[in-house]
Each structure stands twice: as structure tokens, then as C-alpha cells.
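This briefing is intended for a reader who has the coordinates open alongside the text. It proceeds by topic, from a strand and its partners to the ligand shell, a helix contact and a second sheet.

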Amino acid sequence: MRVLIDGIEVPEAEAGISVFDWGLLRGFGCFEVVRAYHGVLFRLGAHLDRLAGSAAVLGIQVPPRPALEGWARAVARAGGDCQVRILLTGGGRDPLVGAAARAVVLWEPLLPAPDVLRLLPLEAPWHPATDRSPFYAVKWLSYAANMASGDRARARGYDDALLITPGGLVLEGPTFSVAWVTGGHLETPALGLGILPSITRAVLLGEAAPRLGLSVVEGVFPLSRMLEADEALALSTVKEVTPVVAVGEHAVSRGPTSGALAAAFREIVIAETG
Ligand SMILES: Cc1ncc(COP(=O)(O)O)c(C=O)c1O
């Protein structure tokens with residue numbers, strides 16, 4: 001079982017949405033990517049909460065929660081170690097070519113990911129950089145600027161981008177959050193900057209760091225703060241806890257705290273997914 005559209009299994013080669021769907025035409029839709037460990041989803045509830053929040057901001061209808069949960073679990077069970085993408089499209093809004101909004105749940109393989117990351121800081125003037133944006137915390141399909149930033153960084157020999165404001169404040173990666181270890185504590189950009197409320201970040205800050213007795217400071221930090229850090233991390237459902245070893249031309253060391261945090265995160269995952 002790899003693709004469900006509105007809960008109905010569709011053969012991969014035939015799976016599709018209308019070309020009139022605003023999800024395709026305008027990036028009008030929202031999504032989540034949930035990690036499955038041997039078929040068991042990690043923090044599905046938190047992902048579905050965030051999806052509901054995104055959909056509410058965009059005015060997109062969400063299928064009943066038990067249905068979405070069932071679809072996601074069924075795809076995960078069949079997929080083993082994989083990621084499950086859940087997306088809600090806006091549907092076709094032009095009355096002449098209307099198309100029903102769709103809920104798509106699909107299996108995706110885990111792509112080989114680098115063990116460590118080298119990030120290129122790039123200005124992201126489109127980023128809301130404030131929680132006063134009406135689109136705060138929306139994980140929408142309009143990810144073109146984020147994805148193009150990653151491509152630009154890769155074209156210059158880096159693994160990914162690090163998004164910063166035009167004023168030089170650290171935000172997040174195009175698809176991940178960042179944190180760093182400095183002076184024995186963990187620092188990370190505050191959600192008030194308009195960055196995505198990452199579920200991995202929440203687990204790391206609220207559960208993994210306390211296990212290690214590591215205090216956390218959320219704030220508004222210039223890039224220099226990350227450059228001076230002892231260790232740095234990229235955080236996401238897909239990347240989990242991945243050490244960052246370079247920010248631009250500046251090398252960051254790979255120290256013991258990153259490893260301890262990654263191990264603590266893994267323990268939390270194993271306790272929950274078995
Ligand atoms: C912009 C952005 N920041 C952070 C994250 C990490 O979020 P999570 O830990 O919930 O996967 C993502 C995930 O896709 C993202 O797109």
C-alpha cells in the first residue's frame with residue numbers, strides 16, 4: 001500500500017490529482033512528513049495537530065482525524081522504515097474547472113542522507129521572520145523558495161542552505177531547524193521568529209536535552225553566534241539529529257554533546273516505536 005487518495009488505495013502509476021487543483025497550480029495546500037520506524041509512526045499526533053493548524057489558516061477542510069490516522073498508519077505498516085507524507089490540497093477553485101480537494105497519504109523511501117551537514121548561509125527575505133505573520137506555523141505546499149535555496153547551496157558544494165534574515169539573524173534550514181551548543185548549553189532560534197514549530201526540535205528541547213541536564217536558550221541570534229558555537233545540529237523528522245560541521249567557510253567541530261543528544265533522541269524514538 002503506497003498511495004491513498006481520500007483513503008482509497010490507488011496504484012502508484014495511476015495516482016494523481018487534477019491538473020486544475022490549486023495544490024498544483026498555486027502551491028495551495030499543506031502537508032506533513034511523518035517518520036515510520038519499522039512501520040510505526042513517531043509523533044503522529046503532533047504532526048496531525050500541526051496539519052490541522054496549517055489547514056485552518058488556509059481554510060482547507062481536514063478529513064476526520066480517525067480517518068487520517070488510520071490512513072497514515074496503514075501506509076506506514078506496509079512501508080516499514082519509511083516516511084509517510086500526508087498532504088491536503090486546496091482543490092480547483094475556478095468554477096468552470098472545479099476539482100475536489102484531495103487528501104493524499106503516500107509512502108516514501110528514506111533517502112540516503114549525509115551523516116554530517118555543511119550549510120551555506122543564504123538570506124531569505126521572503127521568510128516571515130515574525131510570529132505576527134498570518135501564515136505563522138503553516139507547513140504549506142509553497143516550498144519553492146526553500147527548495148531553490150537548498151539547490152543554490154548544493155550548486156556551491158554545500159549540503160544545504162541555512163536561512164538567515166537580511167539582517168543576519170539565524171532562522172532555520174529549508175527543511176530543518178537548527179540548534180547549537182555553546183558554553184555548556186543549547187541555543188536555538190525562537191519560534192517567535194516565524195520558523196516552523198518543528199516536532200524534532202520540540203522533542204530535543206523538551207525531552208532529550210533535559211535528560212542530559214542540558215539547559216536550553218531560545219532566542220534571536222546573529223549568525224556569528226552559530227559560527228562561534230562549539231557544536232551545531234540540524235533537526236528534522238527526516239534528518240533526526242544531524243551534526244553540522246561547516247557553516248559557510250567556517251568549520252564547526254563535531255563534539256560529544258551532538259552524539260549524546262542524537263542518542264537521547266533515538267532512545268525516545270525506540271521507547272515509543274519499539
Ligand atoms: C522549514 C522547516 N523547518 C523545520 C522543519 C523540521 O520540522 P520537523 O521536525 O517537524 O520535521 C521542517 C520540516 O520539514 C521544515 O520544513
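**Strand β13 and its surroundings**

In this predicted model, the side chains of β13 alternate: Glu231, Leu233 and Leu235 point one way, Ala232, Ala234 and Ser236 point the other way, and all are buried. The strand as a whole is mostly covered, with six of its six residues buried. β13 also belongs, together with α5, to the elements that each supply at least two residues of the shell around the ligand.

**Pairing of β13**

- On one pairing, β13 joins strand β10 (residues 177–182) in the antiparallel sense over five bridges.
- Within that pairing, Ala234 of β13 stands opposite Val178.
- β13 also pairs with strand β14 (residues 240–247), again in the antiparallel sense and over five bridges.
- Leu233 has Pro243 in β14 as its bridge partner.
- Three residues separate β13 from β14, and the two strands form a hairpin.

**Ligand shell**

- The ligand is surrounded by 13 residues, of which Leu196, Ser198, Ile199, Thr200 and Thr237 come nearest.
- By character, the shell comprises five nonpolar, six polar and two charged residues.
- Helix α5 (199–211) contributes three residues, the largest share of the shell.
- Strand β13 (231–236) likewise supplies at least two shell residues.

**Contact of α5 with α7**

- The axes of α5 and helix α7 (residues 256–273) come within 9 Å and cross at roughly 110°.
- Angles of 65 to 115 degrees count as roughly perpendicular, and α5 and α7 are therefore roughly perpendicular to each other.
- From α5, the residues Val203, Leu204, Glu207, Ala208, Ala209 and Arg211 meet Leu261, Ala264, Phe265 and Ile268 of α7.
- The residues of this contact divide into eight nonpolar, no polar and two charged.

**The six-stranded sheet**

- An open sheet is formed by six strands in the order β2-β1-β6-β5-β3-β4, with antiparallel pairing.
- β2 (8–9) and β4 (40–41) stand at the edges with a single partner strand each, so one side of each is left without a neighbour in the sheet.
- Strand β5 (residues 82–89) and strand β6 (residues 103–108) run antiparallel and are joined by six bridges.
- Arg85 stands opposite Leu106 in β6.
- Helix α2 (residues 44–58) lies across β3 (29–37), β4 and β5, and runs at about 175° to β3.

Key. Residues are numbered from 1 along each chain as its sequence is written. This is a predicted model: local features need pLDDT of at least 70, side-chain atom pairs count only at pLDDT 80 or more; totals for chains, interfaces and linings use all residues. A residue is near a molecule or strand if its C-beta atom, placed from the backbone, lies within 6 Å of it. Helices (H or I, at least four residues) and strands (E, at least two) are DSSP runs, numbered from the N terminus. Ala, Val, Leu, Ile, Met, Phe, Trp, Tyr, Cys and Pro count as nonpolar, Asp, Glu, Lys and Arg as charged, and the others, Gly among them, as polar. A residue is buried if 20 or more other C-beta atoms lie within 10 Å of its own, exposed if 12 or fewer, and partly exposed in between; C-beta atoms are placed from the backbone. Two strands pair if DSSP finds at least two bridges between them. Axes are lines fitted to C-alpha atoms, for helices over the stretch in contact, and angles run from 0 to 180 degrees between N-to-C directions. Angles under 35 degrees count as roughly parallel, over 145 as roughly antiparallel, 65 to 115 as roughly perpendicular and the rest as oblique. Two residues are in contact if their C-beta atoms, placed from the backbone, lie within 7 Å.
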